[in-house]
Amino acid sequence: MKKTCLISIAMLALLFATSCNTPVAQKPQVKNVIYLIGDGMGFGAVSSLLLSEDSLTGFEQAPVIGLSESCSANNYVTDSPAGGTALACGTRTKNGYLGVDPDGKPLTSILRKAQAMGKRSGIVVNTVLTEATPAAFYAGVTSRSMSFDIAKQFTESGVDVAIGAGLEPFIHRPDSVDLTATLIEKGYDVYLDWRTVLNTTSDKFVGILPMGDVHRRNKSTNTTAGAADGAEVCLAAKLAATFAESNDTTYFSEPTLYLEKATAKALEVLSRNNQQGFFLMIESAIIDGYGHNNDSEGMIEEMKEVDRTLQQLIAYVNQHPETLLVVTADHETGGTAVSYKSYEVGQRTPVQLSFSTKGHTGTVVPIFAYGVGAEAFAGIMKNTELPKKIEKLMKQP
């Protein structure tokens, strides 16, 4: 018995010594972060996609799924400014407040914190750049309607790449300041048409496009490069017009492909000669609009566009294992659900959605996480926990 014990102890010691001398595979560090936010994208919106597609969607490929409580500081149902602030800054604030705490004090977003770590940063949205969700990552105001203040703060954001719409608050301002000129003075190339954004080789640029370019719901009336509201006063528009006059160019718009193409361009630029990594925030904003309008067909088509972008992001993560991708929503819109409807097996029957409201709801929203550090997003958490987890992962050696 004693001899057997001695042998067993010797074997354990040998195993311990062997394990100590065996190199442990290190997980890659979180170098890049991609934060995809679907405005109003609750379970009903995701369900509409899953039931409308025969092929595997990007959501189904998520190795980690969690839930986020979407309340604001003063209401079970958040609005977009407060919801965006929670996801960007890790603090719940009052509905209507943006990038500030309930007392109106400025907050520091996860994008700013990534910049402080030496990471490059980008924003891609299929809405205006001064809208609530993107603005929560760089601005601090007590009302989303303060678009002129938000635009001014955008020029001080330090982002390397930004693509979206909304030229108006940058040029038609009470102070008569042309903020496109301010951006150019700060070293940005400023583009007002889709073609130039797609073809640029710049490492630092802002694309402020017509809404007709960034989403199919808005028809573009522009027919020439550089044509945009305010062309007579906007430096960026004048430069674009000069470029168009000296080049044989054709203006084109592909709004149904905008989000995936703009995302690909941002990834290309942010990945270029970058040792410190990047933080890229992407918003698919129009899911919310279809929820507000109780538009079943529009919601499904919108989710298909989101999925194309998500599939592209998953491919990037698979090719760059040091990348974390987090997908979630600021809130749910419409009380969206799948309607009771029979179908024949093997036959395609369109999904019909039902809605319980034209506003937001306070239901929990899904989280889908991919890549290095994804396991941190499993379980149920407050919306404020997401940026805190991202920050912690970015700081880990």
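Start by selecting helix H14 (296-319), which gives the most to the lining of the largest cavity, with five residues; helices (H or I, at least four residues) and strands (E, at least two) are DSSP runs numbered from the N terminus. The structure in the viewer is a predicted model, in which local features need pLDDT of at least 70 and side-chain atom pairs count only at pLDDT 80 or more, while totals for chains, interfaces and linings use all residues. Residues are numbered from 1 along each chain as its sequence is written, and side-chain values use heavy atoms, with hydrogens and water left out.

**The cavity beside H14**

Keep H14 displayed and add helix H12 (258-271), since these two helices each supply at least two residues of the lining of the largest cavity. A cavity here is a set of points, on a 1 Å grid over the protein atoms alone, where a 1.4 Å probe fits but cannot get out, and lining residues have an atom within 4 Å of a point. The structure holds one cavity of 30 Å³ or more, and the volume of the largest cavity is about 80 Å³, where grid points are joined across faces, edges and corners and a volume is the space filled by probe spheres set on the points. Which residues of the lining are closest to the centre of the largest cavity? Select Asn126, Pro255, Thr256, Leu259 and Glu305, which hold that place among the 15 lining residues. By class, the lining consists of six nonpolar, five polar and four charged residues, with Ala, Val, Leu, Ile, Met, Phe, Trp, Tyr, Cys and Pro counted as nonpolar, Asp, Glu, Lys and Arg as charged, and the others, Gly among them, as polar.

**Val125 in strand E3**

Next, select Val125, whose place is in strand E3 (residues 120-128). Is Val125 buried or exposed? Its relative accessibility is 0%, so Val125 counts as buried; buried means under 20% relative accessible area, exposed over 50%, and partly exposed in between, with a 1.4 Å probe and protein chains only. Leaving aside residues up to four places away in sequence, Val125 touches Pro134, Ile163, Gly164, Tyr258, Leu259, Met281 and Glu283, a contact being heavy atoms within 4.5 Å. For one of these partners, Tyr258, the C-alpha atom is separated from that of Val125 by 9.4 Å, although the two residues are 133 apart along the chain.

**Met211 and Pro255**

Return to Pro255, one of the residues closest to the cavity centre, and display Met211 with it. The C-alpha atoms of Met211 and Pro255 are separated by 8.9 Å, with their positions 44 residues apart along the chain. Met211 is found in helix H10 (residues 211-214), and at 26% relative accessibility this residue counts as partly exposed.

**Helix H2 and its neighbours**

Now select helix H2 (residues 43-50), in which the buried residues are Gly44, Ala45, Val46, Ser48 and Leu49. To see what they pack against, add helix H13 (287-292), H14, strand E11 (353-354) and strand E13 (365-371).

**Two asparagines with positive phi**

Asn273 lies in the loop between H12 and strand E7 (278-284), and has a positive phi of about 45° although it is not a glycine. At 77% relative accessibility, Asn273 counts as exposed. Move on to Asn294, in the loop between H13 and H14, where phi is near 55°, again a positive value in a residue other than glycine. Asn294 is partly exposed, with a relative accessible area of 26%.

**The end of the chain and the cysteines**

Select Gln396, in the segment after helix H15 (385-395), together with Val30: their C-alpha atoms are separated by 7.7 Å, and the residues are 366 apart along the chain. Gln396 counts as partly exposed, at 35% relative accessibility. Then pick Cys71, which is buried with a relative accessible area of 16%, and Cys89, also buried, with 9%. A search of the whole structure finds zero disulfides, a disulfide being a pair of cysteine sulfur atoms within 2.5 Å.

**The whole protein**

Finally, display the full protein, which has 15 helices and 14 strands. Buried residues make up 53% of its 397 residues, and among contacts with a separation of 6 or more, residues 24 or more positions apart account for 73%.

Conventions:
On a 1 Å grid over the protein atoms alone, a cavity is a set of points where a 1.4 Å probe fits but cannot get out, and a pocket is an open set with protein on both sides within 12 Å along at least five of seven lines; lining residues have an atom within 4 Å of a point.
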